[in-house]
Amino acid sequence: MSIAPVDIAPLAEADGPAPVLLTVEEAARCLRIGRTTCFALIRAGELESLTIGGLRRVPADAPATYLARRRAEQRAA
């Protein structure tokens, strides 16, 4: 199964590296969903995230993984 790329380039600084972790808001923007929906996906365990200190972060590849899994589920249905 291949993972569809999610464009996170607009989230990177102009000449800085692409982010490794995204804020929930950035992940929501990548998925074109709202912040509340993104938190619901995280709570349900559908979108990978981790806590660093008191901050919730989403690995940069997690939105693409989520989309690939959803697409495979829809194809199977």
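**Entry 1: the order of the elements**

I began at the N terminus and followed the chain, and I found that the elements run β-α-α-β-β-α. I note at once that this is a predicted model, and I keep that in mind for everything that follows. My tally for the protein is three helices and three strands. I also looked up how much of the chain is covered, and 30% of the 77 residues count as buried. For contacts with a separation of 6 or more, I wrote down that 45% join residues 24 or more positions apart.

**Entry 2: the sheet**

Next I asked myself in what order the strands of the sheet stand. The sheet is open, has three strands in the order E1-E3-E2, and its pairing is antiparallel. Strand E1 (21-23) and strand E2 (50-52) are at the edges, and each has a single partner strand, so one side of each lacks a neighbour in the sheet. From one strand to the next, I recorded an average twist of 50°.

I then went through the pairs in turn. E1 and E3 run antiparallel and are joined by three bridges, and in this pair Thr-23 has Arg-57 of E3 as its bridge partner. E2 and strand E3 (residues 55-59) are likewise antiparallel, with three bridges between them. Here Thr-51 is bridged to Arg-56 in E3, while Ile-52 has Leu-55 in E3 as its partner. E2 and E3 form a hairpin with two residues between the strands, and in that hairpin Gly-53 takes a positive phi near 65°.

**Entry 3: Leu-50, a residue of an edge strand**

I picked Leu-50, which lies in strand E2, and asked whether this residue is buried, exposed or partly exposed. Its relative accessibility is 31%, and since buried means under 20% and exposed over 50%, Leu-50 counts as partly exposed. Setting aside neighbours within four places in sequence, I found Leu-50 in contact with Leu-21, Leu-55, Arg-56, Arg-57 and Pro-59. I looked up one of these partners further: Leu-21 is 29 residues from Leu-50 in sequence, and their C-alpha atoms are 9.4 Å apart in space.

**Entry 4: helix H1 and what covers it**

I turned to H1 and found that this helix is mostly covered, with six of its eight residues buried. The buried residues of H1 are Val-24, Glu-26, Ala-27, Ala-28, Cys-30 and Leu-31. Which elements do the buried residues of H1 pack against? I listed E1, H2, E3 and H3 as their partners.

Just after H1 comes Arg-32, and I noted that its phi is positive, near 60°, in a residue that is not glycine. Arg-32 sits in the loop between H1 and H2, and with 72% relative accessibility this residue counts as exposed.

**Entry 5: H1 against H2**

Before looking at this pair I reminded myself that two packed helices are described by the angle between their axes and the distance between the axes. For H1 and H2 the packing angle is about 100°, and the axes are 9 Å apart. H1 and H2 are therefore roughly perpendicular to each other. On the H1 side I found Val-24, Glu-25, Ala-27 and Ala-28, and these meet Arg-35, Cys-38, Phe-39 and Ile-42 in H2. Sorted by class, this contact holds six nonpolar residues, two charged ones and no polar ones.

**Entry 6: the nonpolar core**

Last, I asked how many residues the largest nonpolar core has. The answer is 14, and those with the most contacts inside this core are Leu-22, Cys-38, Ile-42, Leu-47 and Val-58. Helix H1 (24-31), helix H2 (35-43) and helix H3 (62-76) are the elements that give two or more residues to the core. Of these, H1 gives the most, with five residues.

I closed the entry with Cys-38, one of the residues with the most contacts inside the core. When residues up to four places away in sequence are not counted, Cys-38 touches Val-24, Ala-27, Ala-28, Ile-33 and Leu-47. Val-24, Ala-27 and Ala-28 are already in my notes as buried residues of H1, and Leu-47 is another of the residues with the most contacts inside the core.

How values were computed. Residues numbered from 1 in each chain as written. Predicted model: local features only at pLDDT ≥ 70, side-chain atom pairs only at ≥ 80, totals over all residues. Heavy atoms only, no water. Core = buried A, V, L, I, M, F, W, Y, C linked by side-chain atoms within 4.5 Å. Buried < 20%, exposed > 50% of the residue type's maximum accessible area, 1.4 Å probe, protein only. Helix = DSSP H or I, 4+ residues; strand = E, 2+ residues; numbered from the N terminus. Contact = heavy atoms within 4.5 Å. Pairing = 2+ DSSP bridges. Axes fitted to C-alpha atoms, helices over the stretch in contact; angles between N-to-C directions. Parallel < 35°, antiparallel > 145°, perpendicular 65-115°, else oblique. Nonpolar A, V, L, I, M, F, W, Y, C, P; charged D, E, K, R; others polar.
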